[in-house]
Amino acid sequence: MKTFINTALILLSVMTIAGCTGDGSGKIWSSGTYAVYGDRVEQGGYKAVAAGDTLITSDYQSPANEFFNPEISFKFSINGRDNEAPSGMDHRVTLIRPDSGVQVVRCLFGAKDIPAAAVKGKNGTLPANTPVVFEVDMRSVKEAFDRQGYYTDFSGNRLYESDFKGVWIAGGTTPMSWDFENLPGRSDLQLTDPDNDGIYSCQLVFNAYDPARHTTAVREMTQDLSDYPSLESPFMLVNALYRMSLEDMLLDIRPDTTFRAGKQWDGVWTRDISYSIILSLAAIEPGISRNSLMRKVKNGLIIQDTGSGGSWPVSTDRVVWALAAWEVYKSTGDRQWLEEAYKIISASIDNDLKVAFNPTTGLFYGESSFLDWRKQTYPLWMEPIDIYRSHNLGTNALFCETLTLLDEMGEILDTDNDYGSRAAALKEAINSQMWHDARGYYGQYMYGHYDYSLSPRSESLGEALCILFNIASDGQKERMFTSVPVMEYGIPCIYPQIPGIPPYHNNASWPFVQGYWSWAAARNSNSAAVEHGIAAICRQAALFLTNKENMVAGNGDFNGTEINSDNQLWSVAANLAVIYRMIFGLDYQSGKLLFHPCIPKNFKGVYALKGLRYRDAMLDITITGFGDGITSFTIDGKPCDDPAIPASLAGEHTVSIMMNGRCEKGSVNMAGETFSPATPVAVIDGEMLLWRKADGAERYNISCNGTIISTTTDTIYDMNRVRGEYQVMAVGSDGTESFLSRPLRYGFGEDDIIIEAEQYVRASGKKVSGFSGRGFVEIDRESPAFEFVVSAPDDGDYVIEFRYSNGYGPVNTDNKCAQRSLFCNDAYCGTAIFPQRGGDEWSDWGMSNPLTVHLKKGQNRLELRLEEYNNNMNVNINGFLLDNVRVSRKIIK
């Protein structure tokens, strides 16, 4: 375990907050490294200054070039896989800038290099724009291809010559990346062999520096914003950032009147638009919100964006669309939209209930919502099928709220359904299985193969959603604000961080996640968390002069994450939510607009939001003072007992709100930058479970069938002939835990029943290698079904798995995840999922998800069928190659 807490972070425990001066330019919030004033942000020697409501200047310079470590580690990759050497067995070298020529780094594929001594740049940093040539000798791989048609990597996996796509370099130093799956899309990291001698090479430039990005910049807001609510606040900085965010939103409107995800992301993405619409955009752009949502509907179903393993149902967070559609209805009262949305949402979730719901746990399957870059938040061993089978906190929170709102929609539309009872059951399942009482918050996700374990990491978006959706009880909410780790520059996506993975979701803060956490804090009157959240959102927007996609968690810099974008839509929405959701506390409900403002003392003053449209009303709202409650609420000068605007109100009206002048500060668990120990890599040798020492580990927990059974300081464990699935977890000296290692089956083989697919269907003539038996069969839309017989030795529960390949797309994107419904003796048993395993890599075989089936003694007829609810996001292509079926006795725990 590694913890980095600099002096600035230590000072957070005594952070100073000073009252504002009469001119609105005084200090509002400060930590050890930055301060937010009424008219500026200061960080180190840099300043961002609001010279008026329409002008901000910033002289911020990214520190990324100042301290560039020349010591680098890297690996080479075939086909974008981590297949050169085991974890930790990296090539290492010290980069230099020769007086003449270019440094050439020569490596042998699969061999560990000894670091070479070299002269470093000034102050131990590498000079800017240093070119380096990398060469790797791949002749051993080519010789294996020529000799036997395949190369066997360090873990025993065979890579067939027919599947060879190329060689790439991976690493943690920019421009390299440890994201193996996305390497095939990085032509700059691909090595080539133009003379076909088996030596591959490429040239990279390290510590890239562009002087144009390091000068004082000006952001002047010039666009006509008269169609949107205007803001007058006591603070020039707040006014200017509000206008800047409205302009950023306009930049994100495409010519077809839909929202793009950001400057670098021109597409319309389901989760990006939906989270943005929920936060704030439904209130001010309901028409474009509707257009954007309908762009993400196909055949009457919500579209799951391209993603891990070929999208849905590996990824299932498309239901966030439902929450956005509901928000549009609550803002507009458009019944026709409600009817249309209800049909789309109910049809989509009915499919999810068939394909992505686990009746045993009562939870939904699927990838983390928005955290969809596998290695950024999952252990390296987890393949798309493992991610499908996991239960993520944020995704299940979305399902719970979707079921809840479907129940409310049904009441409005006078339509009977059972969604309300399903929501209640799901809420209970989340609380009984995902709440980590020792940590004081919910675990990130439940994961494993046959059995589940709860990851103790916090997942900030999921935590916020559980608070906002009232999945958490009042007592749980209080503990969460005390326990969920928050960092100086903003709440990190997960905590602690994963070692060896560069910042993006891991070791990063996203303004929109901060927006949801701050909104949750405001709804629960936690003014300390609201103060910090507003300061974090304002800091990044002012210094960077745009709403960036993300920042490095430890230093708050935009430079250093894997990808970043200006005017990122959901970051824009978070900045606007500072005004709409926190200061004014807008709470749209089906029959009224409620107000739940939370204004920290240091943000006190008079705020005016003029020209806010709510259904048929146009509102000018003034709010005065500070506090966590309302003492007076008037409409057109008339006092109201309920601080709400009725849905029936029409015409122009003035609303005046007086705050109560009381703020119970609440809690913020300010934490330093902490990394967990590395995940162990375990193997089975006879009756022994073995693993290498993991970086940062003091001891190890041994898990069998999802339960910790032993703790040891050794790197060996005797399984004592106990049948089960074994994993190892590294634990640091402070109790910080790694991910569990890959599950390893022990003691199963002798009881397994293997059924070769070609026994029941004529073998395919497709040229593919690596199959068992005499061949394999093709399952596609023309031949969608597969029927086979299992002869069970006894009555009981068995686990059915299918060995398959799916080369219709890469492991990390596209939309061709195949699926079939499994029936046993004509009874539905669940859905078998066959994610993509690599573009045109048909010799890459893997296992489907395990399905528990009750078999009677003797002959049992089983069938894979393509049902209507098994249509994937591509629809047209829904196929795979089937090698064999594995039948195992289910372990009784």
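**Exercise 1. Determine the strand order and the edge strands of the open sheet that contains E10.**

Step 1. The sheet is open, has 3 strands in the order E9-E10-E15, and shows mixed pairing; here strands (E, at least two residues) and helices (H or I, at least four) are DSSP runs numbered from the N terminus, and two strands pair if DSSP finds at least two bridges between them. The model is a predicted one, in which local features need pLDDT of at least 70 and side-chain atom pairs count only at pLDDT 80 or more, while totals for chains, interfaces and linings use all residues. Residues are numbered from 1 along each chain as its sequence is written, and side-chain values use heavy atoms, with hydrogens and water left out.

Step 2. Because E9 and E15 each have a single partner strand, they stand at the edges, and one side of each is left without a neighbour in the sheet.

Step 3. On average, neighbouring strands of this sheet are turned by 20° against each other, direction ignored, with axes taken as lines fitted to C-alpha atoms (for helices over the stretch in contact) and angles running from 0 to 180 degrees between N-to-C directions.

Step 4. Strand E9 (residues 103-108) pairs with E10 in the parallel sense over 6 bridges, and Gln103 stands opposite Val132 in E10. On the E15 side (residues 199-206), 8 bridges join the strand to E10 and the two run antiparallel, with Asp137 standing opposite Ile199.

Step 5. Of the 8 residues of E10 (residues 130-137), 7 are buried, so the strand is largely enclosed by the rest of the structure; buried means under 20% relative accessible area, exposed over 50%, and partly exposed in between (1.4 Å probe, protein chains only).

**Exercise 2. Characterise the two residues other than glycine, Asn129 and Arg615, that have positive phi.**

Step 1. Asn129 lies in the loop between E9 and E10, and its phi is near 55°. With a relative accessible area of 33%, Asn129 is partly exposed.

Step 2. Arg615 has a phi of about 55° and is placed in the loop between strand E34 (605-614) and strand E35 (617-625). Its relative accessibility is 14%, so Arg615 counts as buried.

**Exercise 3. Locate the cis peptide bonds that precede Pro175 and Pro313.**

Step 1. The bond joining Thr174 and Pro175 is cis, with omega about 15°, and Pro175 belongs to the loop between strand E13 (167-171) and strand E14 (190-191).

Step 2. From Trp312 to Pro313 the peptide bond is likewise cis, with omega near 10°; Pro313 sits in the loop between E19 and H6.

Step 3. The loop between strand E19 (301-302) and helix H6 (320-332) also holds Gly309, which counts as buried at 0% relative accessibility. Not counting residues up to four places away in sequence, Gly309 touches Pro384, Val811, Asn812, Cys817, Pro835 and Gln836, where contact means heavy atoms within 4.5 Å.

Step 4. Gly309 and Ile387 are 78 residues apart in sequence, and their C-alpha atoms are 9.2 Å apart in space.

**Exercise 4. Describe the largest nonpolar core and name the members that touch the most others.**

Step 1. A nonpolar core is a set of buried Ala, Val, Leu, Ile, Met, Phe, Trp, Tyr and Cys residues joined through side-chain atoms within 4.5 Å. The largest one has 184 residues, and Trp321, Tyr442, Phe512, Tyr516, Ile579, Phe584 and Ile645 touch the most other members.

Step 2. Helix H16 (residues 569-583) supplies the largest share of this core, 12 residues.

Step 3. Apart from this core lies another, of 34 residues, including Phe76, Val93, Met176 and Phe180.

**Exercise 5. Describe the volume and the lining of the second largest pocket.**

Step 1. A pocket is found on a 1 Å grid over the protein atoms alone, as an open set of points where a 1.4 Å probe fits, with protein on both sides within 12 Å along at least five of seven lines; lining residues have an atom within 4 Å of a point. Grid points are joined across faces, edges and corners, and the volume is the space filled by probe spheres set on the points, which for this pocket comes to about 1000 Å³.

Step 2. The lining has 44 residues, of which Asn358, Thr361, Arg389, Tyr450 and Tyr452 lie nearest the centre of the pocket.

Step 3. Elements giving two or more residues to this lining include helix H7 (335-355), helix H9 (384-389) and strand E54 (827-834); E54 gives the most, with 4 residues.
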